[in-house]
Amino acid sequence: MEYNMLFSPLKIGNVEIKNRIVMAPMMMGFGQFNGNATEKMINYYEERAKGGTGLIITEITRVNDLTGASSFGQLAASKDRNIESISCLAERMHKHGAKIFVELHHPGRQNVNLMINTVPISVLCDNIMPKNLYSKLLYGSIVPLGKKLVEKDLFFRTVSPSKSNRSKFAESTNKALSVSQIKKIISQFGDAAYRVKKAGCDGIELHASHGYLIQQFLSPETNKRTDQYGGSLENRMRFLLEIIDDVRKKCGKDYPLIVRLTVDEMYDKIGQSNKGYTLSEGIEMAKILEKKGIDAIDVSSAGYDTFNYWLEPTTFECGWRKNLAAEIKKSVNIPVIAANLIRSPEQAEQQLQEGIQDFVALGRPHIADPHWCNKVLENREDEIKRCVCCLYCFESMMEGAYIGEHGHCSVNPFVGREGEKLPENGNSRRVVIIGAGVAGLTAAELLAKRGFEVTVIEKEKQAGGQINLADKPPHKGKLHWCAEDLLTNAEKAGAKIIYGVTATKDIIAAYSPEYVINATGGNAVQPKAFEGENVVTVTEILNGNIKVENKKVCVIGSGMTGLETSELLCEAGNQVSIVEMADEIAPGAWFQHLDDALPKLKRYNTRFYTSSKLTEIKSDGIIIENIKTKKAEHLSCDLVVLSLGVRPDNALYEEIKNLFKHVYNIGDSSKVGRIYNATESAYQVVKSIK
């Protein structure tokens, strides 16, 4: 396919972008207390510039250290000290022909209380203490103590246009800004923009989306003010419009300015249509912003209260919200940037051709594959590592923020390691890998690229391992992209895959390998006490060996596999009951996955039994016992499906670990985990081989 529009230039204001591909802003946590860009952060962005991206928009960049710092590892433009590092960042982007805009941001009520007023103290302590001492003290002692104080509401409050309900995820107590405080923050946006310009960046983007402070002013849900900054649309937009005025005053009218705008808060998607604003008002906002003289609109949707409608789980259909950009495009005559869950160059080109948008924003796809752009340009689309929308980048970034760690990617173990290179010293040394799942294929690709002679032995007739089960529940097909892309890249790198062969010590020995890597995965847990003709595991449901329709089914275990298998069973017309020992469904699961799965199950009238354990299986059902009350209950069912987790399949490893010179065990066969754990364990072993 030809991508004529995708690789055609277009201007934003007076800045020409060499193609229509934009790296959308995404916080990953590579920064430091003072907000300066670290070498790791610059390497991360530079790798995407090397990959051919036309415009890179940085992560959320704070303008205020006291109430506006979202993370200890965040980029900042709040002080003059930040100019030098931003300048270095810009220089490295420009070296590869990419333009760079900095996204200016204040979280407002969406911040966590723990971050209020703590950054200046952290900067001071970090400067006067021995290297890394304060970091250890902060993450080891201060943060855990701070969390306890926050839980008891004994910490500073976040700021908001008006006192409002606690927001989703942050759930912080908040207080209303005074007019003088509003004016000060407006000026801080302008000052930050001037620093960005002084640093040599090509423009700025104002983050008026995703439930952060500017959008909080726009929304009647979070803006209950009765003065000039609240009430009518004109008043609710005043904060944003005055920021634009201040930026223009300090940076000049020609300095490019984009507004990232939520045009529909999507409250109707969660059954709360009486809240917030919808697309009709979003269109009016866009028109007012165009009249104000901004240079482009970056169209987005939703906020943290409606989280999944701006940062989608894997079940969402590609392009599902393209109508938002299309309506804005019809209403304004300035360039429109939009993400629209674009995952393929064909989709990107089509949406440009259809006039839905002028620029394609690729957020998570740039994390998964920094060279997305060049691979398309060089007719190597099949080599793209596609983002499977597993959300691990955001989950790991948020969890890492409290321990001094950055975000990671399930399919790209090089995130945060862009400055590292694996040596190409394989010299055709032989490697045998047992298992063509995620871990095995990752190791195969990396070792083949290093110059090893790699043979992968897979007992099944196809590659993928556990992915071949994970992609079977409704709308989970994107997950199989991971296996497809790993296989393509492993084979192109020179690895040989042999299917339908169960590896033995003799078969392995026949290859005379110098290195053997066991990646045999794991098997579903099935205790002997729970065996019977009416008992199966989730594996047998997901692989299609057991098909059941219009029956009563009890699923034991409410982890995400249990919930997703339950949805598959519900779709087949079964009445499902889910039994969970913990006090809550899917304990430990990332909240977005639950927000996605539970409403669907509830629509099927799924029954949930928490704090309950399975004690006995009978021919006509099961006996469960409430852990707290000790009360027993009989649940009638035709089939029992066990979703009790997975245990490593490491029998072969135990047999061969002393038979060959170098034997490694990776992925689920070593320790059961997620896609990220599989790719990471493969990377670590590949790196360790000299």
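Mentor: A residue is called buried when its relative accessible area is under 20%, exposed when over 50%, and partly exposed in between, with a 1.4 Å probe and protein chains only. The model is predicted, so local features need pLDDT of at least 70 and side-chain atom pairs count only at pLDDT 80 or more, while totals for chains, interfaces and linings use all residues. Residues are numbered from 1 along each chain as its sequence is written, and side-chain values use heavy atoms, with hydrogens and water left out.

Trainee: What makes Y229 count as buried?

Mentor: Y229 has a relative accessible area of 0%, and therefore counts as buried.

Trainee: How many aromatic pairs does the structure hold, and why is the one between F217 and Y229 called edge-to-face?

Mentor: There are 23 aromatic pairs in the structure. Rings of Phe, Tyr and Trp (its six-membered ring) pair if their centres lie within 6.5 Å, and planes under 30 degrees apart are stacked, over 60 edge-to-face and the rest tilted. F217 and Y229 are 6.3 Å apart, centre to centre, with 70° between the planes, so the pair meets both conditions. F217, at 0% relative accessibility, is likewise buried.

Trainee: Where in the chain do F217 and Y229 lie?

Mentor: F217 belongs to helix 6 (residues 213-218), a helix being a DSSP run of H or I with at least four residues, numbered from the N terminus. Y229 is in the loop between helix 6 and helix 7 (233-236), so the pair ties together parts that are twelve residues apart in sequence.

Trainee: How do you know that F316 and W320 form an edge-to-face pair, and is W320 buried or exposed?

Mentor: The ring centres of F316 and W320 lie 5.4 Å apart and the planes are at 65°, which makes the pair edge-to-face. F316 is buried, at 10%, whereas W320, at 21%, counts as partly exposed.

Trainee: What makes K147 lie over the face of Y402?

Mentor: The rule asks for NZ of Lys or CZ of Arg within 6 Å of the ring centre and within 35 degrees of the ring normal. K147 lies over the face of Y402 at 4.2 Å from the ring centre.

Trainee: How many disulfides does a search of the whole structure find, and why is C637 in none?

Mentor: The search finds zero disulfides, a disulfide being a pair of cysteine sulfur atoms within 2.5 Å. The sulfur of C390 is 6.6 Å from the closest cysteine sulfur, in C393, which is too far for a bond. For C637, the nearest cysteine sulfur is that of C554, 3.7 Å away, so the cut-off is not met. C637 itself is buried, at 3% relative accessibility.

Key:
Helix = DSSP H or I, 4+ residues; strand = E, 2+ residues; numbered from the N terminus.
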